[in-house]
Amino acid sequence: MSDEVSATSTAHGDRIAGVVLAVLAAGAWWHAQTFVTGFMQPVGPGVFPRLVSVPLGLLAVYLIVRPGLDHRWPGAAALCRQLGVLLLLGGYAAFLESWGFLPSTLVATVVLMRLFGASWRQALPYGVLLGLALYALFEFALGIPLPNIPGLSV
Amino acid sequence: MEILAFLAHGFAVALQPEHLLLALIGCTIGTLIGALPGLGPVNGVALLIPLAFNFGLAPTAALILLVSVYYGCMYGGRISSIVLNIPGDEPAMMTTLDGYPMARAGRGGEALGLSAVASFVGATVATIGLTLFAPLLVKVAIRFGPAEYFALFVLAFATIGGVTSGSFTKSFIAACLGLLLGTVGIDPVSSVARYTFGWYELYDGIDYIVALVGLFAVSECLLFLERDRDKATAAMRIGSAIPGMRRSFACAPTIGRGSVIGFISGVLPGAGASLGSFLSYVLEKRWWGAKGKFGEGDPRGVAAPEAGNNAAAGGALIPMLSLGIPGSGTTAILLALLLSMNITPGPLLFEQQPDMVWGLVAALFIGNVMLLVLNIPLVGFFAKVLQAPSWFLMPMVTLVAFVGIYSLNNSPFDLYMMLAFGVLGYVLRKLDIPTVPVVLGLLLGGQMEFNLRRAMSISGGDWSILWSSGISIGIYLFAIALLLAGLVYALLIRKRLE
Amino acid sequence: MPISTQKTLRSLGASALLGLGLAVSLPSQALPIDECIAPADPGGGWDFTCRSVGKLMRELDLVDGNVQVTNMPGGVGAVAFSNVAGKRADDSNLMVATSTVGVTQIAQGRYPGGADTMRWLAMLGTDVGVILVDDESPYETLDQLLEAIVEDPASVAMAGSSGAGGWDHIRALRLAKAAGLPGDQIGALRWVQFDGGGPAVTQMMGGHVDAVSTDLGEIAGFIESGDVRALAVLSEEPLPEPFETLPTAVSQGYDVTGYNWRGFYTGGEVSDEDYAAMVETLETLYESDEWKDVAAQNGLVPLWRGGEEFNDFVRESIDDVEAISREIGVIQ
């Protein structure tokens, strides 16, 4: 476990976040100027976003100047797993409607269990079980229609 | 007292065995649905409305069933807050702050028991307040105009620095980020699309449930992968609910304060249950100052928001029933429910249909008693669920959240949005920036902005309207006092550390 | 990993197919209406339209099962409009509640699309505009209120459920113009938007605004309870009971009417056949006695326009509102 996590004592994390937030605040301010104030409105749609982006920008600058302690970021192996989970879930969202609920969910449950450390012998039966249970829960118990497999009514 | 006679009648109706059975069924189903992240009262009530019609239930019976489901969902929401660090719905968010640390310390059962008692007391206080003061409170509530509401939201955000133990700067950054994210979508006043960049999926703004599940559930999942995956998962001990119930005697003053604060914010339409639980938590934290262990598993950090949340839900019934205004998301569901039964809330409802009004109040109360009783076996059940190995539990929680979010709008876009919020939540938590203020900003930002703009429309563009009434000046002074107290407290801690 | 995933996938797909014994689905066919989108929060006019019509459809057995009501607030209906246009244009099980308020938004170019984007089903009744003040207000009659406005437009703050330039505001401005307010003074009259007629009225009772212009149906309870005073209803003829005593603006010498019809649209790609079936369902509902009762209880006057007739009517209304909006200065 410990070899997967690299510790740093510099405060790069806070500084980078400060820069990103400062840019975001400036962008929000600038974009808010394009919002057209409509008919008879003393306060238009751009005022509130600008009211919020000022303190956000100032606090972000403060974060760059006076960052806090930095934290441990994940090592390569943990990072790979995290990316794997995000990719899997993103792919699941992308294929949910074109494949239908059951096939995409069964793939997602099995692979997700693998990523969380199950062996194939654990992931296959329990993944299928979980997928079917989800289907039963949403389709029948909660009565929420889920995407069908193309050409089939399931 | 005519009202007491009506209330007694309401209880007599609600206590019939058939109705008690319905309340039991409703609370159980509701708790199970509410405990699943991403599923909440909307799903629960939507599921049971057709069922109630199909069984041909009488209006009172249907109302009791639906109200029980609704309360069950609220209770289920705090179960997942405490044991998984994932709030089932937005008012349960504050309960994660101390409930989850308690659960990690093996005191999950205690937290669950305590939250049940606190909710029950909060609901009882609200019921009493509703019975005694409803007509008077309506008169007070309408004194709150746009400028006063704006002041109330300023108060909420001024105290946000006290939410978590992290730095003031970071809490305010998170709040500003939430407020900014809350402006995304079509501006309802001018119909201008803000920060949508041509994506019509963003026109209706960022759904706070999507943000909530992303920020809490998905980020928890990512953190788990680097933190706990390879540990031999020592199954978390939940323990029994009984000590928590006993503990609640020690927390009685906390529960009392939380109930009153929650009730007041519930009575103001537009403030709502989330603000109730938030203010109860923050003010309780301030009350104890350095003597509390808030954020590290202080039982009072569970008792205060739970009492506040339920008292607010009860208080919000006053403007909903007597003015027809749903003050919060939760009362909006109840309003939809009443309308579907041909009951139109309004100024004449208390006079024209007193049996319905007091029947509803009794049903809400019975739902709470039922949950208090159900709590003991349910804690055992959830303790069993949590003993499942983490390679099964985490995928299950993630996928239930995923399908639950998908089922809101049948939209894969919501899923991408949830993943994006998951990554955001992960990064924020890594940087010690609290996520609770982000959700609060998203949740309250819209009302804050529109009340500002309404106030400015009333004054014709004169900003001084914001501090021109006694109520708003009082709220601002209170906010300043709390802000100063927080700063002094932070300085004292720094001195002590040096 | 990719290979094993693919294998798993194939075997899983196969086992899922076998294990469940799937039935091949029939080609999709026209199903009865099963969902009504109310483009607002619960409690307002659109929500009422969906809930009451959905419930009646079920009670009259015009549909199988339930008509689910989905609340989709945002942008005075723009969010629901863009959602249906983008995702559900061919969904013949869906109808969306709309009214003059929605059509006003289209006329002013505030929806992401024009009238052609949708198919307009029918209207079932109309609500009527009303001008209200608090029961303790110094304004006893419409004349007094309008006089005060003409004398100093900045002295009165009015409120309603639509934004500046929306239907509630337009009705109020037409009255002010009829009373002699010059066009260049219109901008001085203050207008405040609330989330609905109910919130606007309660804010007026709290003394935050001076008068409210909105629909009668939503706030009828406040008139009956005596909390507010109705200075004028904007109908041609006096209303039926229990509102028969409320004075019309016409009877007080201001030739202004302002109705707000309630109706439905569906997606633009719904087939002619399904469209005709949906219109027929609504017409059956309209002709029932139950609808007449529900309408009367809620301050609506039953009025039918369906199918092509309604389609033409919507287009005409859009042209009318556009002309008025130009005249008042809402759009250039």
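In this predicted model, chain C is divided into domain 1, covering 35–127 together with 260–328, and domain 2, covering 128–252. Taken over C-alpha atoms, the centres of domain 1 of chain C and domain 2 of chain C are separated by 26 Å. Where the two meet, 18 residues of domain 1 of chain C are in contact with 19 residues of domain 2 of chain C. On the domain 1 side of this contact, the elements that contribute two or more residues are α4 (100–107), β4 and α11 (307–328) of chain C. Sorted by class, that same side of domain 1 of chain C holds 5 nonpolar, 11 polar and 2 charged residues.

Seen as a whole, chain C contains 11 helices and 10 strands. Its C-alpha trace spans about 80 × 50 × 35 Å along the principal axes. Of the 332 residues of chain C, 52% count as buried. Among the contacts in chain C with a separation of 6 or more, 79% are accounted for by residues 24 or more positions apart.

One helix of chain C invites a closer look. For α2(C), with 15 residues at 1.5 Å a residue, the expected span is 21 Å, and the end C-alpha atoms are indeed 21 Å apart, so expectation and model agree. The helix α2(C) is mostly covered, with 12 of its 15 residues buried. The buried residues of α2(C) include G45(C), W46(C), D47(C), F48(C) and T49(C), and also C50(C), R51(C) and S52(C). V53(C), G54(C), K55(C) and M57(C) are buried in α2(C) too. As general background, an α-helix has 3.6 residues a turn, so residues three or four places apart point the same way.

After α2(C) comes D61(C), whose phi is positive. The value for D61(C) is about 60°, although this residue is not a glycine. D61(C) sits in the loop between α2 (45–59) and β2 (68–71) of chain C. With 7 other C-beta atoms within 10 Å, D61(C) is exposed, because the cut-off for that class is 12 or fewer.

A second loop position in chain C is S137(C), found between β4 (118–134) and α5 (142–151). S137(C) has 17 C-beta neighbours inside 10 Å and therefore counts as partly exposed. S137(C) and N311(C) are 174 residues apart along the chain, and their C-alpha atoms are separated by 42 Å.

Chain A can be described in the same way. Its domain assignment gives domain 1 (2–73) and domain 2 (75–141), and the C-alpha centres of these two domains of chain A lie 35 Å apart. Chain A has 5 helices and 2 strands, and from the N terminus on its elements run β-α-α-β-α-α-α. The radius of gyration of chain A is 24 Å, whereas a compact globule of 154 residues would have one near 15 Å. Along its principal axes, the C-alpha trace of chain A spans about 55 × 55 × 25 Å. Of the 154 residues of chain A, 40% count as buried. Residues 24 or more positions apart make up 67% of the contacts in chain A with a separation of 6 or more.

Chain A also meets chain B. The contact takes 58 residues from chain A and 51 residues from chain B. On the side of chain A that touches chain B, at least two residues each come from α1 (12–32), α2 (47–65), β2 (73–74), α3 (76–99), α4 (101–115) and α5 (120–141) of chain A. The largest share of that side, 11 residues, is supplied by α3(A). By class, the side of chain A that touches chain B divides into 39 nonpolar, 15 polar and 4 charged residues.

Chain B supplies further points of interest. In soluble globular proteins, nonpolar side chains tend to be buried together. The largest nonpolar core here has 323 residues, and I173(B) and V439(B) touch the most other members. Leaving aside residues up to four places away in sequence, V439(B) touches E90(B), M93(B), G178(B), Y208(B), A211(B), L212(B) and L215(B).

Chain B has its own positive phi at a residue that is not a glycine: N85(B), at about 65°. N85(B) is placed in the loop between α4 (59–84) and α5 (95–104) of chain B. N85(B) counts as buried because it has 20 C-beta neighbours inside 10 Å, and 20 or more is what that class requires.

How values were computed. Residues numbered from 1 in each chain as written. Chains lettered and ligands numbered in written order. Predicted model: local features only at pLDDT ≥ 70, side-chain atom pairs only at ≥ 80, totals over all residues. Helix = DSSP H or I, 4+ residues; strand = E, 2+ residues; numbered from the N terminus. Core = buried A, V, L, I, M, F, W, Y, C linked by C-beta atoms within 7 Å. Contact = placed C-beta atoms within 7 Å. Domains from an automatic or database assignment. Nonpolar A, V, L, I, M, F, W, Y, C, P; charged D, E, K, R; others polar. Expected span 1.5 Å × (residues − 1). Rg over C-alpha atoms; globule rule 2.2 N^0.38 Å.
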